[in-house]
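Student: Hi, could you help me look at how the helices pack in this one? I'd like to start with a single residue and work outwards.
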Protein chains: 2
Amino acid sequence: MPVPADIPEVVIDRLPIYYRWLSRMDDEGRSTVSSQELGDALGVTPAQIRKDLAYFGRFGKQGSGYSVVRLVEELRLILGLNRRWRMVLVGVGRLGRAIASYQGFGPDGFDLVGVYDAGAEEIGGEVGGLIVQDVRELETSLRGEPAEIGIVAVPAEFAQEVIDSLVRAGVRSILNYAPITVQVPRGVRIRRIDPLLSLQSMTYHLSHDAASRDTAEPAAVRASA
Amino acid sequence: MPVPADIPEVVIDRLPIYYRWLSRMDDEGRSTVSSQELGDALGVTPAQIRKDLAYFGRFGKQGSGYSVVRLVEELRLILGLNRRWRMVLVGVGRLGRAIASYQGFGPDGFDLVGVYDAGAEEIGGEVGGLIVQDVRELETSLRGEPAEIGIVAVPAEFAQEVIDSLVRAGVRSILNYAPITVQVPRGVRIRRIDPLLSLQSMTYHLSHDAASRDTAEPAAVRASA
């Protein structure tokens with residue numbers, strides 16, 4: 001479906017959050033929702049929600065709010081969730097195994113179709129219902145059955161070479177759990193998941209909020225975004 | 001240390017990435033770095049790097065670049081990493097255990113000091129070198145020894161009550177791995193870690209890049225941010 005070019009990444013990042021909350025409302029039988037209610041639940045101003053959704057169409061009716069089922073369906077299309085996506089995982093340490101066991105992927109159309117590792121003791125074993133393959137076979141094994149998404153859960157020192165291999169194998173979206181910044185060619189999208197970076201952003205605030213924290217009482221409740 | 005108020009969150013989020021890369025350079029014995037080199041490595045324009053750092057002081061010398069060791073030390077102070085922080089973890093399923101076993105926390109000053117769960121089969125067992133405590137004892141156990149950071153790795157349906165409990169126990173920064181948006185009082189900071197949201201932002205792009213993808217060759221290499 002055609003969408004405007006150059007939608008800010010921060011807007012795109014909010015869409016899955018809207019989709020998840022609206023899906024839950026749909027499951028609960030809610031038929032309409034106002035931008036106010038959605039904003040209160042998600043910690044986004046109603047004006048921002050309306051602005052975000054306006055990039056993609058005219059969904060709401062002034063005074064009546066949005067149709068939940070229609071918004072869910074539109075967001076599913078916008079986010080490409082009306083099809084299934086193939087993912088491979090590289091790295092079956094504790095973290096990789098936790099990722100492989102996550103039950104939330106399948107229901108949203110993400111299928112884990114291959115699992116790889118470099119360790120002899122791992123290869124041939126079973127993780128996430130799949131047999132662990134040798135990471136050196138990655139490009140060969142994906143030749144017949146390409147995957148769109150690669151999840152990288154290997155130590156930092158191996159991340160770049162694993163990602164280079166995934167890219168050569170045709171993978172165009174990468175979720176990088178390794179604690180290191182990596183290089184990818186233009187045309188390949190990469191996201192990182194890194195608790196340490198999140199914690200260090202939070203300690204910035206903890207350090208600077210300290211003076212005010214001892215005096216302030218937790219006041220109005222607000223939603224996390 | 002005094003810092004300007006209202007530094008944009010996107011700037012604060014880049015600081016840990018700079019810190020990590022510069023620390024590595026410091027370990028490797030590099031003494032100076034230009035904003036160009038740093039930018040190339042991290043996928044940030046040199047102008048943005050200079051602008052980000054300028055919020056905090058005058059670090060570079062025109063034409064000579066930045067002193068690596070000085071920048072690392074300044075960023076350590078800015079990010080509050082010149083002290084240790086106490087973290088508790090709630091939830092010892094596969095994900096919680098993977099988080100508890102992560103070796104990167106300690107070296108950067110993050111100490112896991114308590115681990116909690118609701119399950120009888122987990123309580124009393126050992127995770128991350130600690131004995132798993134009953135989550136119903138969380139507020140009591142933290143009364144004597146407060147923790148600044150809470151990591152939440154429980155199913156979505158329990159996340160809000162666990163976070164409420166952490167907040168009552170005095171925790172002011174929360175890393176939420178549960179796949180749900182939660183409410184926190186003003187004064188409590190929360191970050192989410194959620195691979196599904198990341199994947200759904202990426203499928204947005206995969207869906208919309210599809211037409212151009214089949215024709216474009218991966219061109220210039222660029223760094224992930």
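Student: Leaving out residues up to four places away in sequence, which residues does Tyr18(A) touch?

Tutor: Happy to help! This is a predicted model, to begin with. Tyr18(A) touches Leu42(A), Val44(A), Gln48(A), Ile49(A), Asp52(A), Leu53(A) and Leu75(A).

Student: And which residues in the largest nonpolar core touch the most other members?

Tutor: That core has 98 residues, and Tyr18(A), Leu22(A), Phe110(A), Leu199(A), Tyr18(B), Leu22(B) and Phe110(B) are the ones that touch the most other members.

Student: OK, helices now. At what angle do α1 and α3 of chain A cross?

Tutor: Roughly 105 degrees, and their axes come within 10 Å. That angle makes α1(A) roughly perpendicular to α3(A).

Student: Which residues meet there, α1(A) against α3(A)?

Tutor: Val11(A), Arg14(A) and Tyr18(A) from α1(A) meet Gln48(A), Ile49(A), Asp52(A) and Leu53(A) from α3(A). By class, this contact has four nonpolar, one polar and two charged residues.

Student: Switching to chain B: how far apart are the axes of α1 and α4?

Tutor: They are 9 Å apart, and the helices, residues 9–27 and 68–78, pack at an angle of about 140 degrees. So α1(B) is oblique to α4(B).

Student: Is that crossing left-handed or right-handed?

Tutor: The crossing of α1(B) and α4(B) is left-handed.

Student: What's in the contact of α1(B) with α4(B), by class?

Tutor: It has 11 nonpolar, one polar and two charged residues. Among them are Tyr18(B) and Leu22(B) on the α1(B) side, and Leu71(B) and Leu75(B) on the α4(B) side.

Conventions. Residues are numbered from 1 along each chain as its sequence is written. Chains are lettered from A and ligands numbered from 1 in the order in which they are written. This is a predicted model: local features need pLDDT of at least 70, side-chain atom pairs count only at pLDDT 80 or more; totals for chains, interfaces and linings use all residues. Side-chain values use heavy atoms; hydrogens and water are left out. A nonpolar core is a set of buried Ala, Val, Leu, Ile, Met, Phe, Trp, Tyr and Cys residues joined through side-chain atoms within 4.5 Å. Buried means under 20% relative accessible area, exposed over 50%, partly exposed in between (1.4 Å probe, protein chains only). Contact means heavy atoms within 4.5 Å. Axes are lines fitted to C-alpha atoms, for helices over the stretch in contact, and angles run from 0 to 180 degrees between N-to-C directions. Helices (H or I, at least four residues) and strands (E, at least two) are DSSP runs, numbered from the N terminus. Angles under 35 degrees count as roughly parallel, over 145 as roughly antiparallel, 65 to 115 as roughly perpendicular and the rest as oblique. A crossing is left-handed if the near helix is turned anticlockwise from the far one by less than a right angle, and right-handed if clockwise. Ala, Val, Leu, Ile, Met, Phe, Trp, Tyr, Cys and Pro count as nonpolar, Asp, Glu, Lys and Arg as charged, and the others, Gly among them, as polar.
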